[in-house]
Amino acid sequence: MILVIECLIVLIFFLSRWYISPGSNGYCSSQQPGNAVSRIWSLTQRALRQSATRTSKPPGVALKFILGPAVLTVSARLFCHIAYCEADVNNNTPVEVVAKSPAPEFKWHILWEFVKPQLFALIGAVVLAFGAAILNIQIPLMLGDLVNVVARYLREHTGNYAHEIRGPALKLLGLYGIQGLLTTGYIILLSRVGERVAADMRKTLFASLLRQDVAFFDANKTGQLVNRLTADIQEFKSSFKLVISQGLRSITQTVGCFISLYIISPKLTGLTVVVLPCLVGAGALIGSFLRKLSRMAQEQVAKATGVADEALGNVVYFDIFIAIILLYAYEVDKSCEINENLGAGIAVFQGLSNIALNCIVLGTIFAGGTLISSNELSPGDLMSFLVASQTVQRSLASISILFGQVVRGISSGARVFEYLTLEPTIPLAGGGRIPYHSLMGRVDFMNISFSYPTRPGHQILKKLNLTLPPSKTVAIVGESGGGKSTVASLLERFYDPTSGVIMLDGLDIRTLDLSWLRGQVIGFINQEPVLFGSSIMENIRFGKPEATDAEVINAAKQANAHRFITGFPDGYNTVVGERGVTLSGGQKQRIAIARALIKNPSILVLDEATSALDAESERVVQEALDRATKGRTVLIIAHRLSTIQGADLICVMSNGRIVEAGTHLELLSKGGLYSDLIRRQRAEGQQ
Ligand SMILES: Nc1ncnc2c1ncn2[C@@H]1O[C@H](COP(=O)(O)OP(=O)(O)OP(=O)(O)O)[C@@H](O)[C@H]1O
């Protein structure tokens, strides 16, 4: 019976250490605790064998047999804890190396807006986490009670041991049970809060990004924006959860256990107060150095990956083939060198920490043993002290790790918040609308000057004047880079002119509702149609979300697309793949035309709509376009002059201005820039 109970006690010791450790998810499963269990088991056997042959034992005997296994367990846990921290340091997942930009500000009121709907769950989580931490402070004290019962029995061998041990053991078991429930509760609540806050942030940020004007996307890399939606929100969520769970727990435990330590033994506490913070501080310093090294290693891996990525993603020409291999080898060797240094640093750190922390345990036992022999302390008190001081050490270590996480979380949060409430310079909604029946579709560009926001010193349009008469087709031609597409971009209000006004039926387009202008007035078809990875039906319907299937089919017929769509086994439900990869250039273009036509726009802008197509596809698409342009105001930007000869007006652009205007025949007879362009293109065609 005694054997069973004593085994149970040792098991409780072990389980308690396992349970209250930060890695209670079992991170040490393959490490020291397995050895510690067998050591504890054999020492217990020895203790029981010897206890059977002795009648009265000095306190040192109890210490030897009870504290010995406990010390082993504690050491194993400490070792595992360091290994755990190092696993974090040694995490070599490549990170994206993001270009440095001025640090955005963390805005607490924005965070509050997202946390507010989850406030009850959050308060619940905080209360439960706090409760679990308070119970954790009780555990060392109750372990001490347990040890005192065992020590007394080993010393005196009187009384009913089973009866005496049952009370404290059951209390401890109860405590573990309640603590387990509280922990489960707060983790569930906190995950819920974290996930919901992150999901709300993602949705809001995504909507906010899509609201931004084109200039915003010119200035920000897509990869970095996607990074804010994914990695930054993920990092912020992890930090948020960690601060509330671990931060709260660690701070409560540190304070609570320090009070316990002081109550148990002010003398031993004095010793701990001097030694422990020095060790934790030194550990944090070395840890931060190692983390820096680890980051360098990650960046180096990312660099090497970047070289490989670029080379594999592009056709590598023979002349640079060897150079690329050498460059990759150089980057990999550099990463190997940094990782080797990191490995050595971790090894030294682990070795030193192990020695230092075990010395603390031994020092405490030594000093505690002295106090026990002078009857100032009981064995149980020493046990409580050891366990509580280990809890303090672990809490301080996790606070130091947490500090780095908080800094990372705040900077991730700041990056997310920066664009969360960003108002676009060209707002999508607001402004007037012209009733459909009175919309003529006349456009006037009046004295338009423009520079792209990313290149303010480079003027693209210089006091440009151009009129698109209602229901007429106007073509703009001219040298490459002359600003033709820029004119179309200004009409769509992707940018606003630096000076001058664009009028629609005599109204400044800046006073009109942009979503109406883009959604119902202007249809835009360019060289590279944007298709989404959904069905053809949905892709056409993007032009008019409320359109019926019949309207979609009608638009497809007008765009010469119906026949090839119905030729697919799934017809209109055919999924076109990411960016329409499963379709040919001409098919994509006809779907884009159908999408533009379904909204029955008054103005149609065709920006090099057929220039990427082969002759046969161009013929089919041109046929669709000829049909589509009837009765609308049309602006055509074209390289192939053969496609615009029938336009009502052809404008030749040069150096940011319209320098010639007239019909094809008028311009030919003038013998100016247009005739030159025609001559050059004919010559190129004959070559
Ligand atoms: N988003 C942008 N940011 C900065 N500069 C730009 C941007 N888009 C175009 N540019 C510059 O503006 C000038 C005019 O470009 P635009 O595309 O309007 O010319 P284009 O006449 O349509 O040329 P192409 O016939 O080759 O398509 C070019 O010098 C180009 O480099």
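**Exercise 1. Describe the span 247-264 and place it among the annotated regions.**

Solution. Begin with the geometry: residues 247-264 are 100% helix and 0% strand, with their end C-alpha atoms 25 Å apart. Helices (H or I, at least four residues) and strands (E, at least two) are DSSP runs, numbered from the N terminus. The model is predicted: local features need pLDDT of at least 70, side-chain atom pairs count only at pLDDT 80 or more, and totals for chains, interfaces and linings use all residues. Residues are numbered from 1 along each chain as its sequence is written.

Next, consult the record. An unreviewed UniProt entry gives the feature "transmembrane region" for residues 119-139, 173-193, 247-264, 270-290 and 311-330. UniProt positions are in the numbering used here, feature names are shortened, and annotations may be inferred rather than shown by experiment. Finally, take another of these spans: residues 119-139 are 100% helix and 0% strand, and their end C-alpha atoms lie 31 Å apart.

**Exercise 2. List the residues around the ligand and sort them by character.**

Solution. First, collect the shell, where a residue is near the ligand if its C-beta atom, placed from the backbone, lies within 6 Å of it. This gives Asp-218, Tyr-452, Thr-454, Arg-455, Ile-460, Ser-480, Gly-481, Gly-482, Gly-483, Lys-484, Ser-485 and Thr-486.

Second, sort them: two are nonpolar, seven polar and three charged. In this scheme Ala, Val, Leu, Ile, Met, Phe, Trp, Tyr, Cys and Pro count as nonpolar, Asp, Glu, Lys and Arg as charged, and the others, Gly among them, as polar. Third, assign them to elements: helix H12 (residues 484-491) supplies the largest share of the shell, three residues.

**Exercise 3. Give the strand order of the open sheet and identify its edges.**

Solution. Two strands pair if DSSP finds at least two bridges between them. Four strands form the open sheet in the order E2-E1-E4-E5, with antiparallel pairing. The edges are strand E2 (459-468) and strand E5 (507-508), each of which pairs on one side only. Now check one end: strand E4 (residues 499-504) pairs with E5 in the antiparallel sense over two bridges. Opposite Asp-508 in E5 stands Met-503.

**Exercise 4. Decide whether Ile-525 is buried or exposed, and describe its surroundings.**

Solution. Start with the cut-offs, using C-beta atoms placed from the backbone: a residue is buried if 20 or more other C-beta atoms lie within 10 Å of its own, exposed if 12 or fewer, and partly exposed in between. Ile-525 has 24 other C-beta atoms within 10 Å, so Ile-525 is buried.

Then consider the element. Ile-525 is in strand E6. Four of the five residues of E6 (residues 522-526) are buried, so this strand is largely enclosed by the rest of the structure. E6 pairs with strand E7 (residues 603-607) in the parallel sense over five bridges, and Leu-604 in E7 is the bridge partner of Gly-523.

Last, list the contacts, meaning C-beta atoms, placed from the backbone, within 7 Å. Leaving out residues up to four places away in sequence, Ile-525 touches Ala-592, Ile-593, Ala-596, Leu-606 and Ala-609.

**Exercise 5. Find the residues that touch the most other members of the largest nonpolar core.**

Solution. A nonpolar core is a set of buried Ala, Val, Leu, Ile, Met, Phe, Trp, Tyr and Cys residues joined through C-beta atoms within 7 Å. Among the 70 residues of the largest core, Ile-593 and Ala-594 touch the most other members. Helix H17 (residues 585-598) contributes the most to this core, seven residues.

Methods. Contact = placed C-beta atoms within 7 Å.
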